[in-house]
Amino acid sequence: MQTGKPQSPGESLRAVRLDKWKALQEEGRDPFRQTRFVRTHVMSDVRAGYPGNDGLGVRVAGRVTAIRRHGGAAFLDVEDASGRLQLHVERTHADAFTLLDRLDLGDHVGAIGTVFQTRRGEVTVSVQELIILAKSLRGLPDKRDGLKDVDARYRQRYLDLLANPDVRDVFRMRSDVVRLLREFLGGESFVEVETPILLTLAGGAEARPFTTHHNALDVTLYLRIAMELHLKRLIVGGYEAVYEIGRVFRNEGIDTRHSPEFTMLELYWAYHDYEDMMDLVERMVAHIVSHVRGSLQFDSQGHRLDFTPPWPRVDLTERFQAKTGVSWFDVATKDEAYALARRFRVEVQAGQTRGQILDKITSQLVEPDLIGPTFLIHHPVDISPLAKRRAADPRLTERFEAFCLGRELGNAFSELNDPVDQRRRFEDQQEDRRLGNDEVPELDEDYLTALEYGLPPTAGLGIGIERLMMVVAGVPAIRDVIWFPVLRPL
């Protein structure tokens with residue numbers, strides 16, 4: 001009489017595969033004892049080289065995705081990173097043929113043989129020797145239907161990549177985008193640098209940091225929320241064009257556009273201003289788009305986008321007034337800002353400042369209309385604590401945000417290099433911190449000291465790599481362009 005909980009289909013399949021592995025071990029063919037397999041070709045090269053490589057001896061390796069037996073022969077579909085290739089195994093090659101009994105979909109195999117073409121025109125390798133290089137103990141997702149469960153796709157990205165080739169293409173594109181950024185900035189004489197991730201003060205943006213503790217020093221440390229203040233220290237130190245591509249961390253909500261960890265490009269450019277930076281951004285993004293999409297015009301998420309410079313410039317406070325009927329500067333108090341938010345059904349959090357509330361209204365009323373690549377320019381001083389004031393209107397700053405498909409891609413400005421004004425703005429922020437706004441960073445005395453040694457006129461830029469990738473790849477959610485996104489544990 002059977003006792004205990006019955007096995008699930010997945011557990012039963014795993015048990016069968018474990019038995020096959022045990023049999024391989026007993027036969028002296030344990031796949032996990034294989035340390036390497038020397039390949040002469042990848043799959044795509046074999047296919048592309050035909051008919052010139054008819055009869056060519058090859059050594060190929062990959063994952064088995066299909067097995068079709070036909071009496072005394074079998075055909076295998078095997079995939080490597082370059083693509084698929086068919087293998088043909090005949091009974092006359094006894095060792096290879098008998099090994100098929102131990103083979104399952106998902107196993108990695110190495111094959112040694114010669115290239116030919118079947119009567120149906122399929123480029124194929126006639127196998128003389130077959131070696132199992134790794135045993136798959138679990139069944140792969142169905143190849144035709146792919147992996148559809150969104151949560152499973154994010155939690156088990158390796159299965160998502162196996163089942164959905166389009167996902168692999170998106171992440172290859174991401175790699176290309178980062179490579180093209182480095183290529184472009186190197187051509188513009190920027191120096192790539194690295195700045196600390198663990199900080200005693202988390203500054204450079206308004207965001208709640210992650211906190212940790214260093215045991216040896218017995219100090220509280222924060223994961224960086226931005227790279228800005230250290231990169232500008234390098235400009236003070238004599239560099240004139242620096243950039244960093246790296247991970248930043250913000251202890252905030254998760255939605256289709258926000259992740260607690262993401263990748264930023266930040267760069268700083270001495271003796272230039274925000275208008276120079278707009279020109280650089282246009283050229284840099286055009287360089288990327290033209291290479292990965294083949295054109296400056298393409299369709300993304302239901303819209304036709306054109307990245308041909310110059311991009312439109314939209315004045316923030318002018319558009320704000322056009323949308324609300326109220327001047328930004330006539331909203332004098334936090335209570336008035338709350339009232340305006342309620343009027344337009346914009347949800348805000350308790351403890352937010354007047355500027356943060358007006359910025360939230362802007363994000364819901366102004367930004368969604370910025371579909372094509374657009375610069376939103378001239379942000380007010382109260383939401384731009386690190387940006388230089390405009391000479392024409394000191395209430396505003398020489399700042400812009402780059403938008404596309406209603407999403408912010410990047411933020412840039414002429415850097416505030418007046419240490420007295422910077423101290424005053426930092427101190428104004430501290431009052432909000434004392435009132436409970438924990439997104440306001442602590443005052444950074446060392447950065448203010450660095451400014452007093454002289455920061456030249458400098459333009460700075462931050463671009464979210466994932467936000468850029470969402471546009472270029474045409475995907476709707478930030479987790480679609482992060483290999484292993486942060487998720488709530490099951």
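Which helices and strands do the buried residues of helix H6 pack against? I will come to that after some groundwork.

This is a predicted model, in which local features need pLDDT of at least 70 and side-chain atom pairs count only at pLDDT 80 or more, while totals for chains, interfaces and linings use all residues. Residues are numbered from 1 along each chain as its sequence is written, and side-chain values use heavy atoms, with hydrogens and water left out.

First, the chain as a whole. Its secondary structure comes to 14 helices and 18 strands; these are DSSP runs numbered from the N terminus, helices being H or I of at least four residues and strands E of at least two. The C-alpha atoms fill a box of roughly 85 × 60 × 50 Å along the principal axes. Of the 490 residues, 49% are buried. Buried means under 20% relative accessible area, exposed means over 50%, and partly exposed is in between, with a 1.4 Å probe and protein chains only.

Now H6, residues 165-187. Its 23 residues should span 33 Å at 1.5 Å a residue, and the end C-alpha atoms are 33 Å apart, which agrees. The expected span is 1.5 Å times one less than the number of residues. Buried residues in H6 include Val167, Phe171, Arg174, Leu181 and Phe184. To answer the opening question, the buried residues of H6 pack against helices H4 (150-155), H5 (157-163), H8 (274-292) and H14 (465-473), and against strands S10 (241-249) and S11 (261-270). Contact here means heavy atoms within 4.5 Å. Just after H6, serine 189 has a positive phi of about 70°.

H8 comes up again in the largest nonpolar core. A nonpolar core is a set of buried Ala, Val, Leu, Ile, Met, Phe, Trp, Tyr and Cys residues joined through side-chain atoms within 4.5 Å. This one has 51 residues, and Leu265, Leu267, Met277, Met284, Phe307 and Phe400 touch the most other members. H8 gives the largest share, ten residues. A second, separate core has 26 residues, among them Val64, Leu87, Val109 and Val125. Leaving out residues up to four places away in sequence, the contacts of phenylalanine 400 include Tyr274, Met277, Val281, Phe375 and Ala412.

Next, the sheets. Two strands pair if DSSP finds at least two bridges between them. Five strands close into a barrel in the order S1-S2-S3-S5-S4, with mixed pairing. Within that barrel order, S3 (residues 83-90) and S5 (residues 123-134) pair in the parallel sense over three bridges. Histidine 88 has serine 126 in S5 as its bridge partner.

There is also a hairpin: S12 (residues 297-300) and S13 (residues 303-306) run antiparallel, joined by four bridges. Phenylalanine 298 has leucine 305 in S13 as its bridge partner. Two residues lie between the strands, and glutamine 301 in the turn has a positive phi of about 50°.

Last, what does alanine 477 touch, not counting residues up to four places away in sequence? Its contacts are Tyr154, Thr256 and Met470. Alanine 477 lies in the segment after H14 and counts as buried because its relative accessibility is 14%. Arginine 257 is 220 residues from alanine 477 in sequence, yet their C-alpha atoms are 6.2 Å apart. Across the chain, 63% of the contacts with a separation of 6 or more are between residues 24 or more positions apart.
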